[in-house]
Amino acid sequence: MKEDIMYTPTAEHYPYGSKRTVTYGKNGMVATSQPMAAQAGLDMLKQGGNAVDAAIATAAALTVVEPTSNGIGSDAFAIVWIKDKLYGLNGSGPAPASISIEKVKEKDGEEMPVFGLTPVTVPGTPASWAALSKRFGKLPFEKLMEPAVRYARDGFPVSPVLASFWKRGAEAFRSRFKGEVFDEWFRVFTPDGKAPEAGELWRSPDHADTLEEIGKTGARSFYEGALADKMDACSKKYDGFIRREDLEGFEPEWVDPVSVSYKGYDVYEIPPNGQGMIALMGLNMLRNDAFTSRESDHTWHYQIEAMKRAFADGEKQITERSDMNVSVESLLDPSYADSRREGIKETAQEPEAGDPSASGTVYLACADSEGNMVSFIQSNYMGFGSGVVVPGTGIALQNRGHNFHMDPDHVNALRPGKRPYHTIIPGFLMKDGSAVGPFGVMGGFMQPQGHMQVIMNTLDFGLNPQQALDAPRWQWTGGKNVLLEQAVPNALVQQLAARGHHVSVTHDSGSFGRGQIIWRNPETGVLAGGTEARTDGTIAAY
């Protein structure tokens with residue numbers, strides 16, 4: 001007789017469904033994908049800081065407690081509502097001065113590599129923290145690094161979803177990462193030869209020292225001091241392009257967020273070089289449609305088809321704003337949106353770009369008692385990023401340059417000093433000139449798709465923040481291919497297939513984005529927050 005094998009549940013797997021409810025607060029709220037990072041932000045609020053201070057402390061902590069998505073060598077974007085005005089910050093860095101399409105092809109072949117030092121552009125995150133603090137913060141910048149430094153030096157227990165992604169990354173990298181340049185990654189992130197398990201303590205003392213130095217120097221050491229020298233030495237040793245000269249003098253760019261009107265509200269995103277425009281273009285196409293049911297094939301079909309068209313336009317047109325062949329205004333023009341909407345048929349179509357001249361990680365949301373709010377996102381891009389950790393620093397470098405095109409005639413073609421097409425996008429919702437609140441859905445090219453879905457869940461179907469995030473999602477993956485979460489009703493799956501969509505259903509929700517929302521009641525000041533069951537998300541409030 002065969003012996004029965006008992007199933008032993010782990011911290012990553014749960015046999016029964018559970019429910020989260022919307023979280024309310026009055027004096028302050030921080031929503032993000034890691035409980036300890038949210039607590040770091042809440043601590044700043046309780047110590048007299050504002051929403052900007054909370055966002056910076058949370059972001060710094062996230063580089064420690066969620067290294068599978070971001071790090072000190074990330075890029076960042078922010079939308080800030082403070083003193084009744086909206087501000088945007090583009091914290092993405094440019095390509096190195098010494099790089100070129102010809103040099104990359106000679107060194108790495110016809111395609112931009114995914115890993116290694118070649119796709120590394122100037123990391124913008126530390127400078128973004130410092131710029132936000134200098135302009136809007138109340139607490140000393142060095143103090144905002146303290147929780148993250150403590151987590152890195154003393155260690156923190158790895159959370160369940162984080163452990164799962166960490167394990168996947170480590171297993172994949174064993175076969176992909178070849179060469180001495182990746183040795184530091186394995187030393188830092190697999191200290192015992194493997195990824196840490198859920199509940200296991202992980203420490204990174206080098207990371208702690210670097211965050212302390214960033215705090216003490218207002219991030220300048222990262223760009224023109226000892227930390228810059230270490231990045232420069234690493235790049236020179238391993239034949240990378242980035243140099244100290246690329247880092248020196250870097251400053252993030254303050255920008256005006258762009259918006260479209262949707263169902264009586266204004267939805268805001270950061271302008272190019274990011275893909276927030278794609279979310280806006282998709283919503284703009286559907287602004288006059290009346291959707292009566294969320295779980296209907298009509299609703300989902302038109303969402304998917306609009307998003308496909310927006311992505312096609314984005315792929316053709318979006319890059320560094322100064323390099324675009326068409327204006328942002330023309331892409332968001334209602335008449336252009338109408339012309340794109342007219343092309344949507346009752347069956348699935350292959351996406352094609354239009355002609356506007358003829359007519360997108362970790363995310364966090366913060367709010368304080370004064371009505372200030374921050375929508376903030378930072379990312380390494382592909383999980384751990386380039387796979388390069390600068391020796392002795394804990395600085396994991398992003399691989400944003402992978403999004404450059406190697407065709408010199410493409411609008412997003414690689415060139416020195418140019419910022420690449422970016423996937424990370426913070427969102428913000430307003431009504432009649434007043435703030436409703438920050439929202440975001442992290443996860444590569446899922447982000448604008450997630451933005452569209454949570455905004456429509458909110459405005460078309462009246463869902464609260466938690467319900468809007470809990471609702472099952474679709475994900476367009478190219479052509480007529482659509483990936484659906486397992487919770488999508490089977491009848492809806494069949495109906496979408498009947499419309500010509502090439503439908504697949506997956507049990508793994510890891511690629512469907514991980515979002516956070518905070519809405520503020522303008523009359524009472526009460527904050528309502530939602531977070532993701534798809535991650536280790538939490539909301540800290542008081």
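This is a short tour of a predicted model, with suggestions for what to select at each stop.

**Stop 1: a sheet of seven strands**

Start by colouring the strands β1, β20, β19, β15, β14, β9 and β8. In that order they make up an open sheet of seven strands with antiparallel pairing. Look for its two edges: β1 (23-25) and β8 are the edge strands, each pairing on one side only. On average, neighbouring strands of this sheet are turned by 20° against each other, direction ignored. If pairing is new to you, here is the background: strands of a sheet pair through backbone hydrogen bonds, either parallel or antiparallel.

For a pair inside this sheet, select residues 514-520 (β19) and 527-530 (β20). Four bridges link them in the antiparallel sense, and isoleucine 517 has glycine 530 in β20 as its bridge partner.

**Stop 2: the edge strand β8 and its hairpin**

Now select residues 258-262, which are strand β8, and show the side chains. Which of them are buried? Val258, Val260 and Tyr262 are buried and point to one face, while Ser259 and Ser261 point to the other face and are not buried. This fits a general pattern: in a regular strand the side chains alternate between the two faces of the sheet.

Add β9 (residues 265-269) to your selection. β8 and β9 run antiparallel and are joined by five bridges. One pairing to find is serine 259 with tyrosine 268, its bridge partner in β9. The two strands form a hairpin with two residues between them, and in the turn lysine 263 has a positive phi of about 55°.

**Stop 3: two more positive phi values**

A positive phi catches the eye for a simple reason: most residues other than glycine have a negative phi. Select lysine 83, in the loop between β3 (75-82) and β4 (85-91). Its phi is near 50°, a positive value in a residue other than glycine. Is lysine 83 buried or exposed? Lysine 83 is exposed, because its relative accessible area of 77% is over the 50% cut-off.

Then move to aspartate 432, in the loop between β14 (427-431) and β15 (434-442). Here phi is near 55°, again a positive value in a residue other than glycine. Aspartate 432 is exposed too, with a relative accessible area of 67%.

**Stop 4: two helices by the sheet**

Select helix α13 (residues 276-285). This helix packs on the seven-stranded sheet, touching β8 and β9, and its direction makes about 20° with that of β8. Next add helix α17 (residues 447-459), which lies across β8, β9, β14, β15 and β19 and runs at about 135° to β15.

Hide everything else and look at the two helices together. They pack at an angle of about 45°, with their axes 8 Å apart, so α13 and α17 count as oblique to each other. Their crossing is right-handed. To see where they meet, show Ile278, Ala279, Gly282 and Leu283 in α13 with Pro448, His451, Met452, Ile455 and Met456 in α17.

**Stop 5: proline 438**

Go back to the sheet and select proline 438 in strand β15. With 0% relative accessibility, proline 438 counts as buried. Its contacts beyond four places in sequence include Tyr363, Phe428, Ile517 and Trp519. The C-alpha atom of alanine 367 is 8.6 Å from that of proline 438, although these residues are 71 residues apart along the chain.

**Stop 6: the enclosed strand β2**

Select residues 28-32, strand β2. Five of its five residues are buried, so β2 is largely enclosed by the rest of the structure. Gly28, Val30 and Thr32 lie on one side, with Met29 and Ala31 on the other.

Add the two partners of β2. Five bridges join β2 to the antiparallel strand β10 (residues 362-368), where leucine 364 stands opposite threonine 32. Four bridges join β2 to β21 (residues 538-541), also antiparallel, and there alanine 541 is the bridge partner of methionine 29.

**Stop 7: the nonpolar cores**

Finish inside. In soluble globular proteins, nonpolar side chains tend to be buried together. The largest nonpolar core here has 105 residues, of which Trp129 and Met145 touch the most other members. Helix α2 (residues 51-65) gives the most to this core, with 12 residues. Centre your view on tryptophan 129: among its contacts are Ile56, Ala59, Phe141, Met145, Leu211 and Phe376. A second, separate core of 51 residues includes Tyr262, Leu332, Leu459 and Leu492.

How values were computed: Residues are numbered from 1 along each chain as its sequence is written. This is a predicted model: local features need pLDDT of at least 70, side-chain atom pairs count only at pLDDT 80 or more; totals for chains, interfaces and linings use all residues. Side-chain values use heavy atoms; hydrogens and water are left out. Buried means under 20% relative accessible area, exposed over 50%, partly exposed in between (1.4 Å probe, protein chains only). Two strands pair if DSSP finds at least two bridges between them. Axes are lines fitted to C-alpha atoms, for helices over the stretch in contact, and angles run from 0 to 180 degrees between N-to-C directions. Contact means heavy atoms within 4.5 Å. A nonpolar core is a set of buried Ala, Val, Leu, Ile, Met, Phe, Trp, Tyr and Cys residues joined through side-chain atoms within 4.5 Å. Angles under 35 degrees count as roughly parallel, over 145 as roughly antiparallel, 65 to 115 as roughly perpendicular and the rest as oblique. A crossing is left-handed if the near helix is turned anticlockwise from the far one by less than a right angle, and right-handed if clockwise.
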